[in-house]
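This briefing goes through a protein model topic by topic, for a reader who has the sequence and the coordinates open alongside. Please keep both in view while reading.

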Amino acid sequence: MRKLVYFLMLFSTAMLSGCALNKMVKLAEEQQLTVNPNPLEVHADTVNFDMAANLPVKMLKKDKVYTLKTFYKYGENELELDPVEFKSEDYPNASEEQPKQNKSFSFAYSPAMKKGELEIQGVASDPKNGKFKETDRLPIAKGLITTSKLVENVYFPAYADHGYNTGEELIPTKVDFYFDQGRSTLKRSETASDKGKEFQAFIAEKNITRTVTITGTHSPEGAERINSRLSEDRAKSIETYYRRQMKRYDYKGLSDSIKFILKPVIEDWTPFKETLSAYEGITSDEKSEFLNIVNGAGSFEEKEDQLQKLPSYKKVFKELYPDLRTAKTEVLTVKPKKTEAEISVLAKQIVDGTVSADTLNEEELMYAGSKTPSLTEKEGIYKAATKKSDSWTAHNNLAAVYIAKAMEGGADMGSYAEQALTQLEIAANKKEAPEVWANMGSVYLMQGNPYKAYDALSKANSAGPSSDLSKGINGVKGATEIVKADYSSAVSSLSSTEENAVNLFNKGLAQILSKDYQNAITSFNEASEKDGSYAMAYYGAAVASARLGDAAQVIEYISKAVSNDPELKGVALEDLEFEAFASNEAFRGALK
C-alpha cells in the first residue's frame, strides 16, 4: 500500500511538473525579444549585437528554468551562441513582474555568413527530474549587413628622394695671396708658387664661372692702417691678374658673364681675432691681453698703439700679422652636369652591363630611376643601385617598384609583395625611414594583415614624413582603420590624403559607418566627379540615402551604380541596406 502511495505521489509530481512546463512553453509565445542592431551587422570581422528578453508575468514557474537558446543559421550551417537562462530563484516576483535580461553577443564573421538569420528556441526545464519542453524555433533578426566590407584596399609606393640636384650648383674655389707690408703689388713668388700654378691651371680650364669675390685685408699696424686704400688696392690687384689670365687663355665672350666682387676690409679686428684664436705661439694669458685691448674702448689706432706696448707684440707682429695682409679669392664656378638624356642612356647601359656602374654616381642613377615611367626599367635601375651603393634608399625604391607591380594585380601580386618585403627588411636595417615604414604598411595590407599594416603606417607618420608622403600614408592608413572599425580615425586620415576617387569613396564609407550620412553622400559625389564610371561611389551614395530614408535618391544612385556595373543588380537585391525598399516598384524596376 505504501509503495502504491509513493508511486502515486511521484506520478502526481511528474504530471504537475509536465503541466507547468507546458504552460511555460505556451506563455513563451508572449515573450518580448528585441535585437539591436537588426539586421545584424559586421564590423572588424566580428558580429556584435545585444538582445533584450522580457518574459510574461507568471510564465516562470517555481523551481523551473527557462532557457533561450540562440543560433545564427546560414545555408546548411548554424552557429550556436551562449544561452540566456532565467532561473526561478533569481526572480522571486515572477508572478507579479516580468523577468528581464539583457545580454551582449559576439561571433567571428566569415563570408559564408553573409546571408542568414538569428533564431531562438525556448526551453522550459525542471532541474529536479531533468524533464524539458521546447518551443519552436523563431527567427528574430536577419543578417548580415556587410557595408563595412565595401572598403577599398589602398596601396602606395613610397619612393625615397633620389638626392640628385637638378638645379645649378656652384663650386667654390679658394686661394689666398699674401702681400708685403704696406704694399698692394702681387708678388712673383705668390703667382709662381704651387698654389699660384694651380690657380692658373684652374683659370685655364675655362670653367663656367658666375662670380669672383676678392676680399682685401690689412694688418692693424702703422704702414698698413694709415693707407685706407690698401685693402681695396690688393683686391684690385688680384682682379687685374685674373683678367690678364682670362685674356691669355682666350676667354673671349665668357669673361663678360663673370661678376667681380671686391670687398675691402678696413679697420676690422675680426680677421685678427680669428687668426689669434688659432695661433699657438703665445700663452692663453697673453692672448687675453690682446683681446682685452681689442674689445675695449678706443679708436682703431689707439688700440693698435696699446698693442705695441705688450711684451708679446713683436712675436705676434712677426708671426701673425703677415697672414693678415692678404687678398682672399673665392671663385664660384658652375658644377658640370650630364643632361637628363645622357643620364637616362647611361643608366640603361649600366643595367645592360655595357658600361661600368661607376659611369654614374648613386644620385644620378637614382635620378634616372625616378624619371622613367617604365616599372621594368625602374626595377633594373634600382637593382643596379643596390649593387652599387647598397643604400637604404636604393633598397626602398626597389621595394616601391615591386609594390607598384603588385598593384597592377594578377597572379604575381603575392610574389611581388614578398620581394618588396625582402628589400624593405634590408632597408629598415640601415635606416627606419618613413618611406620604409609606409611601404611596409602597403605590403602587409596586400598580405591580408591590416592590423600589422596599421602599426607600420603609424610608425611612418611618427617618423616625420614629408607632406606628400604623409598624404600617401593616410590613404592606406584610412583603409586599415575602416577594417579595424575605427571609423572616426578613418574619416580623419582620409580627410588628409590625396583626393582621388578611391580615397574619397573610403572616406564616404567611413562617414556612413560613423552615421554621418549627409557628409557621406557629399564624399561619394566627389568620388564620382573624379571618376564618372566608378559604380561603387554611386552604390555608397545609395546606401547613405537608404539610411536617411530618401527613396528618390536611393533609386537615382542605384540606377547609376548598376548602369556602370550591371553585376551590382544582384548585390543590391540581396543587400539588407535596401530591405525597406524591396517592395518599392521603382527600386525593383531599376534593378531589372
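Which element supplies the largest share of the lining of the largest pocket? In this predicted model, that share comes from helix α23, which contributes four residues to the lining of the largest pocket. The points below begin with this pocket and then turn to the cavity, the cores, two individual residues and the strands.

**The largest pocket**
- The largest pocket holds about 490 Å³ of space, and among the 25 residues that line it, K114, L144, E574, D575 and L576 are the closest to its centre.
- Four elements each supply at least two residues of this lining, namely the strands β8 (116–125) and β10 (138–143) together with the helices α23 (568–574) and α24 (585–590).
- L144, one of the residues closest to the centre of the pocket, is also included in the second nonpolar core described below.

**The enclosed cavity**
- The structure holds one cavity of 30 Å³ or more, and the space in the largest cavity comes to about 40 Å³.
- Its lining is made up of H218, S219, P220, D268, P271, F272, F300 and L324.

**The nonpolar cores**
- The largest nonpolar core has 93 residues, and those with the most contacts inside it are L365, V436, M440, I482, Y539, I558 and F578.
- Helix α21, which spans residues 535–548, gives the most to this core, with ten residues.
- Leaving aside neighbours within four places in sequence, I558 is in contact with Y539, A542, A572, F578, F587, A590 and L591; two of these partners, Y539 and F578, are themselves listed among the residues with the most contacts inside the core.
- A second core of 33 residues is separate from the largest one, and M59, Y74, L118 and L144 are included in it.

**Two residues that touch Y155**
- S442 lies in helix α15, which covers residues 434–446, and is buried because its relative accessible area is 0%, under the 20% that marks the limit for a buried residue.
- Not counting residues up to four places away in sequence, S442 touches Y155, F156, I403 and V476.
- M413 is found in helix α14, which covers residues 413–430, and its relative accessible area of 24% places it between the 20% and 50% limits, so M413 counts as partly exposed.
- With residues up to four places away in sequence again left out, M413 touches Y155, A406 and M446.
- M413 and K64 are separated by 349 residues in sequence, and their C-alpha atoms lie 60 Å apart in space.

**The four-stranded sheet and its helices**
- Four strands form an open sheet in the order β11-β14-β12-β13, with mixed pairing.
- β11 (170–178) and β13 (259–264) stand at the edges and have a single partner strand each, so one side of each is left without a neighbour in the sheet.
- Direction ignored, neighbouring strands of this sheet are turned by 15° against each other on average.
- Strand β12, residues 209–216, pairs with β13 in the parallel sense over six bridges, and within this pairing T213 has I261 of β13 as its bridge partner.
- Helix α3, residues 194–204, packs on the sheet by touching β11 and β14 (326–334), and its direction makes about 145° with that of β11.
- Helix α5, residues 230–248, lies across β11, β12, β13 and β14, and runs at about 160° to β13.

**The pairings of strand β3**
- Strand β1 (residues 32–36) and strand β3 (residues 46–54) run antiparallel and are joined by five bridges, one pair being L33 with its bridge partner A53 in β3.
- Strand β2 (residues 42–43) is also antiparallel to β3, with two bridges joining them, and here V42 stands opposite V47 of β3.
- The hairpin of β2 and β3 has two residues between the strands, and in it A44 takes a positive phi near 55°.
- β3 is further joined by nine bridges to strand β7 (residues 100–108), to which it runs antiparallel.
- A53, the bridge partner of L33, stands opposite Q101 in β7.

Notes: Residues numbered from 1 in each chain as written. Predicted model: local features only at pLDDT ≥ 70, side-chain atom pairs only at ≥ 80, totals over all residues. Heavy atoms only, no water. Pairing = 2+ DSSP bridges. Axes fitted to C-alpha atoms, helices over the stretch in contact; angles between N-to-C directions. Contact = heavy atoms within 4.5 Å. Core = buried A, V, L, I, M, F, W, Y, C linked by side-chain atoms within 4.5 Å. Buried < 20%, exposed > 50% of the residue type's maximum accessible area, 1.4 Å probe, protein only. 1 Å grid on protein atoms, 1.4 Å probe; cavity = no way out; pocket = protein on both sides within 12 Å on 5 of 7 lines; lining within 4 Å. Points joined across faces, edges and corners; volume = space filled by probe spheres on them.
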